Amino acid sequence: MSWQPEVDELHRRKALAARLGGPEKVKRHKDAGKLTVRERVDALVDAGSFREVGSLTGFAEYDENGVLVDFMASNMIMGRAKVEDRPVIVVGDDFTIRGGANDASVSEKLATSERMARDLRLPLIRLVDGTGGGGSVKNIETKGHTLLPMMREWQLVVENMMTVPVVGLALGSVAGKGAARVAASHYSMMVKGTSQLFNAGPPVVAQVGQIIGKEELGGSHIHARNGVVDDEVDSEAEAFARARQFLSYLPASVFELPPRGPIIDDPERRDDWLISAIPRQARQVYKIRPIVQCLVDRDSFFEMGRHWGRAIVTGLARINGWPVAIVASDPYHYGGTWDKSTSEKFVRFLDMAQTFHLPVVNFIDVAGFQVGLAAEQAGTMRYGVRALAAVYQSTVPWCSIIVRKAYGVAAAGHQHQGRYNIRVAWPSANWGSLPIEGGLEAAYKSDIASAPDPEARRAEIEARLRKLTSPMRSAEAFVIDDIIDPRDTRSLLCEFADLAAPLREPGMTNFGIRP
Amino acid sequence: MQQSMLLPTAIDNEKNTMIKIESPVSGRVVAILAQVGDTLNPGDAVLTVESMKMEIPVEAERSGTLSDISVQVDDEVTEGQHIATQS
């Protein structure tokens, strides 16, 4: 006699679980422009690869004979799956059941999903759609007492940041612990219009006197610009596609190395327009993204965090097939001067590169930290020195290309100066501790003041100094390794990527204290 | 991936017939480069703002006809300020 009756019941239970919160709740959810949690998993992972863990968790109803009459699934599903044929862990909230606020069994499922990622050393993708804390005040009456917030699984969340790639997607209104689980990741996204993120939602906010809608309070236009999430996307499908692409550059865990992709582009490719990419007029800006896209392998640049920390562009790419981390100054944002948000983005990105052994390519056009009263009030230097510390705590291979300006403390952090890194400049480069304008007035103060015509004297000194600013003169003194034809940059980068590959070392990074 | 799964999240762009163009930086307007009535494509510059000694073009992010420019040369603008409109 076989166990067929039990196997039949297994199937029946799973069929009941597949109803999620029931047709009405599912319809309302989908009418709001969202996918259900199971549709999300199917859309995210390789077809047929999802192996659910905890598929039988939920709330059953039995008749007087102990026969199952109904079953409502737990509102979090999780398990193992594959993305581009590589194993991952995926975990998602079901908003159609109790608005995604986790039920009791979920707390252990949540911890298990994180533990599974850590111990199997696999990337984790969180599909967050709810508060995730189960923190309804109704529980006070149910339990007869109040609970101290603990978030016991947070140890795993923190350890996973040090161990495996973590993607956090906000796919609905996420608050409290749900919001925290999105932000506590290496790459996070929100969907424009259908996802919001907040510390607490409008009903709680109303109690402190702000009457505000959920989109106005926590839409992606806010959090993709302050760095709580990295990017906003137009659809859930785009979020899943980007999550898959993000993972393609990374190892499964810090105990492996980033996998080399296909070699699809000529390492000796020279693009003529690069010789005029940087304008000769010093006040004129240029677009850095096409330059980066041209120098890395064709179609391989994956920008992260486009709308925040805008004085730098950051993203992953492949060079001669090897995954690398790209940092590039963007002069469109205050001439590439660094503000607090830029330093924060730099630290977040560089820490990820260091954690997952990605060599860094840094394109430098840094006029310095932002100056002026607002910059001082914002505490720019605090965040700036933290960025410098991150550079000096990094050990990944590094290549610096100075494309234009390199001034002040901010530019001094363009690489770790205590170890050998490849460093070259384009002919458009110029540099100094201080810009000549302003620096000159300070350094030649008495000379200018005592001249019969101070303005003429100032202009004369400036002309004298300007004659000495060619980077060729610096190269004579070996201030810079070399000045190269911009069209030869790709060849150099490919050599760098080849040299860097065997230097990458698997293992865990422990960062020291930062100022 | 089933096609039906891609559909529900498409954003309704038709709703937003007014497209705001905001200044990405604080600074002073030094040149107006487009005229009301011009058709602008993503990346086309509307005006130039001088900031940190650099001339920074303010560009359209989407396609549309320029229906309004609400600043003039020499105006001081702040980061995020609505300076032009497309429809």
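This is a short chat about helix packing and a chain contact in a predicted model.

User: How many residues does each chain put into the contact between A and B?
Analyst: Chain A gives 24 residues and chain B gives 15.

User: Which helices of chain A supply residues to that side?
Analyst: α3 (37-44) and α11 (236-248) each supply at least two.

User: And the classes of residue on chain A's side? What's the split?
Analyst: Nine are nonpolar, eight polar and seven charged.

User: Back to α3(A) and α11(A). At what angle do they pack?
Analyst: About 45 degrees, with the axes 9 Å apart. That angle lies outside the ranges for roughly parallel, antiparallel or perpendicular, so α3(A) and α11(A) are oblique to each other. Their crossing is right-handed.

User: Which residues make that contact?
Analyst: From α3(A), A:R40, A:A43 and A:L44. From α11(A), A:E236, A:A237, A:F240 and A:A243. Five of the contact residues are nonpolar, two are charged and none is polar.

User: New topic. How do α13(A) and α15(A) cross?
Analyst: Helix α13 (residues 340-355) and helix α15 (residues 380-393) of chain A cross at roughly 20 degrees, and their axes come within 8 Å.

User: Why are they called roughly parallel?
Analyst: Angles under 35 degrees count as roughly parallel, and therefore α13(A) and α15(A) do too. The crossing is left-handed.

User: Which residues meet there?
Analyst: On α13(A), they include A:F346, A:V347 and A:L350, along with A:K340 and A:D351. On α15(A), A:Y383, A:R386, A:A387 and A:V391 are among them.

User: What's the class split for that one?
Analyst: Seven nonpolar, three polar and four charged residues.

Terms used:
Residues numbered from 1 in each chain as written. Chains lettered and ligands numbered in written order. Predicted model: local features only at pLDDT ≥ 70, side-chain atom pairs only at ≥ 80, totals over all residues. Axes fitted to C-alpha atoms, helices over the stretch in contact; angles between N-to-C directions. Helix = DSSP H or I, 4+ residues; strand = E, 2+ residues; numbered from the N terminus. Parallel < 35°, antiparallel > 145°, perpendicular 65-115°, else oblique. Left-handed = near helix turned anticlockwise from the far one by under 90°. Contact = placed C-beta atoms within 7 Å. Nonpolar A, V, L, I, M, F, W, Y, C, P; charged D, E, K, R; others polar.
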